[in-house]
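Trainee: I'd like to go through the wording used for this one. Can we take it term by term?

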Amino acid sequence: MNIHEYQAKQILAKYGVSVPKGRIAFTPAEAEEASRDFLAEAGSVCVVKAQIHAGGRGKAGGVKLAKSREEAGNIARELLGKVLVTHQTGPAGKEVKKVYVEEGCQIARELYVGLVVDRSTQRVVMMASTEGGVEIEEVAAKTPEKILKEFIDPAVGLIPFQGRKLAFGLGIDKSLVNKAVKFMTGLYNAFVASDASMAEINPLVVTKGGDIIALDAKMSFDDNALFRHKDIEEMRDLDEEDPKEVAASRFNLNYVTLDGNIGCMVNGAGLAMATMDMIKLSGGNPANFLDVGGGANKEQVTAAFKLITSDPNVKGVLVNIFGGIMRCDIIAEGIIAAAKDVGLKVPLVVRLQGTNVEQGRKMLAESGLNLITAENMDEAAQKAVAAAKNA
């Protein structure tokens with residue numbers, strides 16, 4: 001689960017991570033009022049930031065400086081309701097529904113610090129770079145030597161030596177090293193305590209006054225651990241998520257929208273990936289990733305089928321099920337119920353194998369549905385691609 005910048009900063013502040021003061025605003029009037037707190041002194045500025053679940057907001061015009069309350073209100077008026085398109089939103093972009101008004105600061109240096117789980121070492125890794133303000137993917141691709149890494153032993157956590165090593169590697173002045181270590185320790189503690197899957201501070205700034213501050217913050221969390229963090233779960237913003245993916249989550253379905261035209265319903269993530277590969281190999285493009293899981297019931301299968309057919313880009317549907325825990329007759333029952341309910345108008349290709357497969361095939365054959373059957377996966381993919389092209 002992803003959250004907004006202002007929410008990430010609220011969490012980080014609880015663990016001693018230094019963040020600028022700020023207030024969320026939903027209207028230009030609220031933004032103008034919030035800026036009052038940060039424009040009290042002559043020559044001071046505040047920052048108005050669009051809040052969407054995507055990086056690259058600055059380059060897209062979603063982060064702007066204001067020198068007066070009126071200017072803050074005008075910037076908010078310009079941003080609210082605007083669709084921001086960044087390298088992470090895709091061409092459709094995301095609509096801005098709230099802005100974050102934050103105090104300005106005098107920046108001396110911009111750095112990068114981030115935390116993720118490294119699967120190869122089975123440890124949390126803290127990454128740091130002097131290339132703050134630049135997408136870390138770009139740094140990794142062009143100048144990977146500029147990314148410093150420290151792998152953290154979960155038994156002891158981030159030890160001061162590792163923090164100092166990163167601080168010196170970033171060229172932080174020795175008088176500020178202790179502040180940097182405190183910042184990194186707080187960031188790591190927040191990451192572990194909240195069951196985060198990613199935490200990114202970009203940029204981490206060293207101010208002219210000698211402070212070390214998280215100027216921006218991004219956090220993602222392990223969905224499987226949210227039952228332990230009801231306060232974080234309440235931060236979920238459904239407006240930022242694909243409506244179909246939200247609907248899928250209500251039925252515990254794993255669904256991701258893609259840009260193809262062949263809808264896929266498969267049980268098991270590995271089989272789902274292989275099915276999409278076979279569709280691509282056959283000259284087609286999958287419209288979604290949909291894993292109904294190993295123990296789905298009729299209601300889940302019906303919901304999955306409705307999700308797929310609700311996509312206007314879908315020109316054909318491929319159902320590829322291997323019945324282990326899940327029985328093929330349950331899948332057949334769900335397909336029949338959903339197809340009749342939605343009034344299926346696109347070709348349907350079904351490949352069933354495994355438990356109760358003969359019973360499932362018989363149910364489909366006697367259903368009266370206009371469907372295409374296949375015995376193996378490559379045949380199913382080829383038939384689905386051909387049917388979609390002729391639809």
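Mentor: Sure, starting with contact, which means heavy atoms within 4.5 Å. By that rule, Pro160, Gly163, Arg164, Leu166, Ala167 and Phe168 in α5 meet Val177, Ala180, Val181 and Met184 in α6. Keep in mind that this is a predicted model, where local features need pLDDT of at least 70, side-chain atom pairs count only at pLDDT 80 or more, and totals for chains, interfaces and linings use all residues. Residues are numbered from 1 along each chain as its sequence is written, and side-chain values use heavy atoms, with hydrogens and water left out.

Trainee: Why are α5 and α6 called oblique to each other?

Mentor: Helix α5 (residues 160-169) and helix α6 (residues 177-193) pack at about 120°, their axes 9 Å apart. Under 35 degrees is roughly parallel, over 145 roughly antiparallel, 65 to 115 roughly perpendicular, and the rest oblique. An angle of about 120° falls in the rest, so the pair is oblique.

Trainee: What makes Leu371 count as buried?

Mentor: Buried means under 20% relative accessible area, exposed over 50%, and partly exposed in between (1.4 Å probe, protein chains only). Leu371 has 19% relative accessibility, so it counts as buried. Leaving aside neighbours within four places in sequence, Leu371 is in contact with Leu348 and Leu364.

Trainee: And why is strand β14 described as largely enclosed?

Mentor: In β14 (residues 262-266), 5 of the 5 residues are buried, so the rest of the structure largely encloses this strand. Ile262, Cys264 and Val266 point one way, Gly263 and Met265 the other.

Trainee: How do you know that β14 pairs with β16?

Mentor: Pairing takes at least two DSSP bridges between two strands. β14 and β16 (residues 316-323) are joined by 5 and run parallel, so they pair.

Terms used:
Helices (H or I, at least four residues) and strands (E, at least two) are DSSP runs, numbered from the N terminus. Axes are lines fitted to C-alpha atoms, for helices over the stretch in contact, and angles run from 0 to 180 degrees between N-to-C directions.
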